[in-house]
Each structure stands twice: as C-alpha cells, then as structure tokens.
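Trainee: I should like to learn how to read a protein structure that I have not met before. May we go through it one feature at a time?

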Amino acid sequence: MSEQSAVSKNLNRILKIINGREVRIVAVTKYYDSSKIKEAYCAGLRDFAESRALEAVEKISKLDDEIKSKSTYHFIGHLQTNKVKHVVGNFEYIHSVDTLKVAREIAKYAAEKNIVQKILIQVNNASEESKFGIAPSQLDSLIKEITKFDSLEIEGLMNIAPLLNDGKELGRLFSQMRELKERYGFRELSMGMSNDFKIALDEGATMIRLGRILFENS
C-alpha cells in the first residue's frame, strides 16, 4: 500500500470538519503546479480553481486526459476584458463577475462558442477598497442586466472576506451573503478560504475555496 499523500491527509482533516455537510471543495491551485493537481485528483478532489487566465489554460492543457475530462475548473481571479476570451469555455464557472462590462464580454464569447457560461457575481459586502466586487446595493440592477444575456447563467454569488480574527464579524458578513443568495434564489454561494472556511460553512457556503490548508504540510 502506497503512503498517503500530504493532500490526502489534509483533505481527511477537512472532511472531518465538514462533517457530512453538502459543500463543494474547490482546490485553489494557482500557486501549485500540475503535479499538485494530480495529487489532489488522486485524493478524490474534482474541482480546481485558478486566477491567472493564460497560465491556467496552459497548466490545464498539460494535465492527463483523465484529469482534464473528469474535473471541473473554476476561474476565481479578477477578470480583465482582454483575458475573457481565454477563460470562456475553458472554465465551467467564473466566480468573479462584478461589472456589466465584463459580463457583456463573457456573453459575447460564450455566444460565439455556442455555450452557456456559468457565472457567479462577486459581492464586496465588507466595502474593502482593496478588493473587487459589487456593493450589495447595486446587485439588483446588475442581475437584471445580466439576465438579458442568453449565453450567461448566474449560478450564485461569491465573496472574499476580510482577513479578520473577529469570528463574529466574519459570521455577520457570511450570513449577509447567504441572505442575498436566498433572496435571489441562487444555487451557489462561494465563500470561505483556508483561514475562515469553518465560519463560512456554518453560514451556508456551497463552495469553499481551499489552497494552503490543502496543499501545505501542517
């Protein structure tokens, strides 16, 4: 019997914390090479996230055929309009849509490829100037505009929480995201990373984006 990989050991610890709750673990592989994706795949993970369009497409292209065909890819980085053409169709989910301009560009390339691109709208409900994302007050108008595009499907919402040690404040922010998701009847809520995913789970995350806690030796 081969020795259990570091990723597999880390994943087992994470699964104990999840404790049977229905959530998709999205492995954030942007800082790791193809060998780490293979290790995560062998440990049972099937969702992988990247944030640099060109590097990600090249990395994915080098994966084994089995991993490529049986995995789901998520784009989680800020998306510039000139990079949209590289992302549409290569990623099943784009988590970081926060302007009509970007949505329109995604819709254009999705229509050209005759696909319906799944997207999530990034919400900056902590009002952090250093982060992208739309304010909750602007969400309604953006959703109304995006739903006009036949080649886009809004799957849900995404946020990146502040780096806080205040669990109560993080819980409040995540709870607000859950309320927004429920208000609009979306399926997905992408929130929670290595440092705060336990709180995000408690507040109803359906996707947690994990990098360091999965891939680094603990």
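Mentor: The turns below go from the overall form to the core, one helix, the salt bridges and some loop residues. Please keep in mind that this is a predicted model.

Trainee: Where should one begin, and how many helices and strands does the protein chain have?

Mentor: One begins with the inventory of secondary structure. The protein chain has 10 helices and 8 strands. Its radius of gyration is 17 Å, close to the 17 Å given by the globule rule for 218 residues, so the chain is as compact as a globular protein of that length. Along the principal axes, the C-alpha atoms fill a box of roughly 55 × 45 × 30 Å.

Trainee: What share of the residues is buried, and what share of the contacts joins residues 24 or more positions apart?

Mentor: Buried residues account for 49% of the 218 residues. Among contacts with a separation of 6 or more, 62% are between residues 24 or more positions apart. As for the surface, the protein chain exposes about 11000 Å², and carbon and sulfur atoms supply 46% of that area.

Trainee: How does one read the interior?

Mentor: The general idea is that nonpolar side chains tend to be buried together in soluble globular proteins. Here the largest nonpolar core has 61 residues, and those with the most contacts inside it include I25, I94, I106 and L157. Helix α6 gives the largest share of this core, 6 residues. There is also a second, separate core of 8 residues, with I76, Y93, L120 and M207 among them.

Trainee: Which residues are in contact with L157, leaving aside its neighbours within four places in sequence?

Mentor: They include L120, I121, V123, L139, M177 and F186. The list also holds residues such as K181, E188 and S190.

Trainee: How may a single helix be read in terms of its buried side?

Mentor: One asks which residues are buried and how they are placed around the axis. In helix α3 (residues 53–61), the buried residues include A53, A56, K59 and I60. These residues cover an arc of only 130° around the axis, which puts them on the same side of α3. The buried residues of α3 pack against α2 (34–42), β2 (47–50), α4 (65–70), β3 (72–75) and α5.

Trainee: How many salt bridges are there, and how should one read an individual pair?

Mentor: The count comes to 16 salt bridges. For a pair, one looks at the distance, then at the place of each partner, and then at its exposure. The side chains of E92 and K118 meet in a salt bridge, at 3.0 Å from N to O. E92 lies in the loop between α5 (84–87) and β4 (93–97), and K118 lies in strand β5 (residues 117–122), so the pair ties together parts that are 26 residues apart in sequence. E92 is partly exposed at 36% relative accessible area, and K118 is partly exposed at 23%.

Trainee: Where do K144 and D140 lie?

Mentor: Both lie in helix α7 (residues 136–146), 4 residues apart, about one turn of the helix. They form a salt bridge in which the closest N and O atoms are 3.2 Å apart. K144 counts as exposed at 53% relative accessibility, whereas D140 counts as partly exposed at 35%.

Trainee: Is E203 buried or exposed, and what does the pair of E203 and R178 link?

Mentor: The side chains of E203 and R178 meet in a salt bridge of 2.6 Å, N to O. This pair links distant parts of the chain, with E203 in the loop between α9 (197–202) and β8 (207–210) and R178 in helix α8 (residues 167–184), 25 residues apart. The cut-off for buried is under 20% relative accessible area; E203, at 19%, counts as buried. R178 is partly exposed at 23%. Salt bridges may also form a network, as they do among E153, E155 and R187.

Trainee: What should one look for in the loops?

Mentor: One may look at backbone angles and at contacts. N19, in the loop between α1 (6–18) and β1 (24–28), has a positive phi near 55° although it is a residue other than glycine. N19 counts as exposed at 62% relative accessibility. N114, in the loop between α6 and β5, has a positive phi near 60°, and N114 is exposed at 71%. V116 also has its place in the loop between α6 and β5. Leaving aside its neighbours within four places in sequence, V116 is in contact with D150, S151, L152 and E153.

Notes:
Residues numbered from 1 in each chain as written. Predicted model: local features only at pLDDT ≥ 70, side-chain atom pairs only at ≥ 80, totals over all residues. Heavy atoms only, no water. Salt bridge = Lys/Arg side-chain N within 4 Å of Asp/Glu carboxyl O. Helix = DSSP H or I, 4+ residues; strand = E, 2+ residues; numbered from the N terminus. Buried < 20%, exposed > 50% of the residue type's maximum accessible area, 1.4 Å probe, protein only. Arc of directions from axis to C-beta. Contact = heavy atoms within 4.5 Å. Rg over C-alpha atoms; globule rule 2.2 N^0.38 Å. Areas by Shrake-Rupley, 256 points an atom, 1.4 Å probe, with all protein chains shown as cover. Core = buried A, V, L, I, M, F, W, Y, C linked by side-chain atoms within 4.5 Å.
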